[in-house]
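Student: I am new to this structure and should be grateful for a close look at a single part of it.

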Amino acid sequence: MKKDTHPDYHEITVQMTDGSTYNTRSTWGSAGDTIKLDIDPKTHPAWTGVHRLLDSGGQLAKFNKRFSGFGLKNE
């Protein structure tokens, strides 16, 4: 295997939305870092069956404001 062609592969901690954690190996961050998930299998609609709108940074509000007058008009 060639030297210096692969990223650093180290152990990190993953924190789920409910606060539980587990250790895994990754190329993300630095050794010992913690990544906090916004969406995981405990909260994602594909696994829970419960759908909710996530509006991070007001993107949904911005979209609704921009396209509020767009659509079919009944005359």
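Which residues form a nonpolar patch on the surface, and how much accessible area do they have together?

Tutor: The model is a predicted one. Before turning to the patch, it is useful to place it within the whole. The protein contains 2 helices and 3 strands, and along the sequence these elements follow the pattern β-β-β-α-α. Of its 75 residues, 9% count as buried. The accessible surface of the protein is about 6900 Å², and carbon and sulfur atoms account for 53% of that surface. Among the contacts with a separation of 6 or more, 7% are between residues 24 or more positions apart.

The patch itself consists of Phe63, Phe67 and Phe70, which together have about 380 Å² of accessible area. One of these residues, phenylalanine 67, is found in the segment after helix 2, a helix that spans 59-66.

Two members of the patch can be examined individually. Phenylalanine 63 has a relative accessibility of 48% and therefore counts as partly exposed, since that class lies between the limits of 20% and 50%. Phenylalanine 67, with a relative accessible area of 38%, is likewise partly exposed. Membership of a patch requires over 30% relative accessible area; the value for phenylalanine 63 is 48%, and that for phenylalanine 67 is 38%.

These two residues are also linked through their rings. A pair of aromatic rings is described by the distance of the centres and the angle of the planes. The count for the protein comes to 1 aromatic pair, and phenylalanine 63 and phenylalanine 67 form it, with 4.9 Å from centre to centre and 45° between the planes. The pair is classed as tilted, because that term covers angles that are neither under 30 degrees nor over 60.

A residue from another part of the chain offers a contrast to the patch. Histidine 10 lies in strand 1, which comprises residues 10-15. Its relative accessibility is 6%, so histidine 10 counts as buried. Leaving aside residues up to four places away in sequence, histidine 10 touches Thr24, Arg25, Ser26, Thr27, Trp28, Gly29, Ser30 and Ala31. Two of these neighbours present backbone oxygens to polar atoms of the histidine 10 side chain: the distance is 2.9 Å for tryptophan 28 and 3.1 Å for glycine 29.

In summary, Phe63, Phe67 and Phe70 form the nonpolar surface patch, whereas histidine 10 is buried.

Note on methods: Residues numbered from 1 in each chain as written. Predicted model: local features only at pLDDT ≥ 70, side-chain atom pairs only at ≥ 80, totals over all residues. Heavy atoms only, no water. Helix = DSSP H or I, 4+ residues; strand = E, 2+ residues; numbered from the N terminus. Buried < 20%, exposed > 50% of the residue type's maximum accessible area, 1.4 Å probe, protein only. Contact = heavy atoms within 4.5 Å. Areas by Shrake-Rupley, 256 points an atom, 1.4 Å probe, with all protein chains shown as cover. Phe/Tyr/Trp six-rings, centres within 6.5 Å; stacked < 30°, edge-to-face > 60°. Polar contact = N/O pair within 3.5 Å; in protein donor to acceptor, adjacent residues only side chain to side chain. Patch = residues over 30% accessible without salt bridge, like charges linked within 9 Å, V, L, I, M, F, W, Y side chains within 5 Å. Salt bridge = Lys/Arg side-chain N within 4 Å of Asp/Glu carboxyl O.
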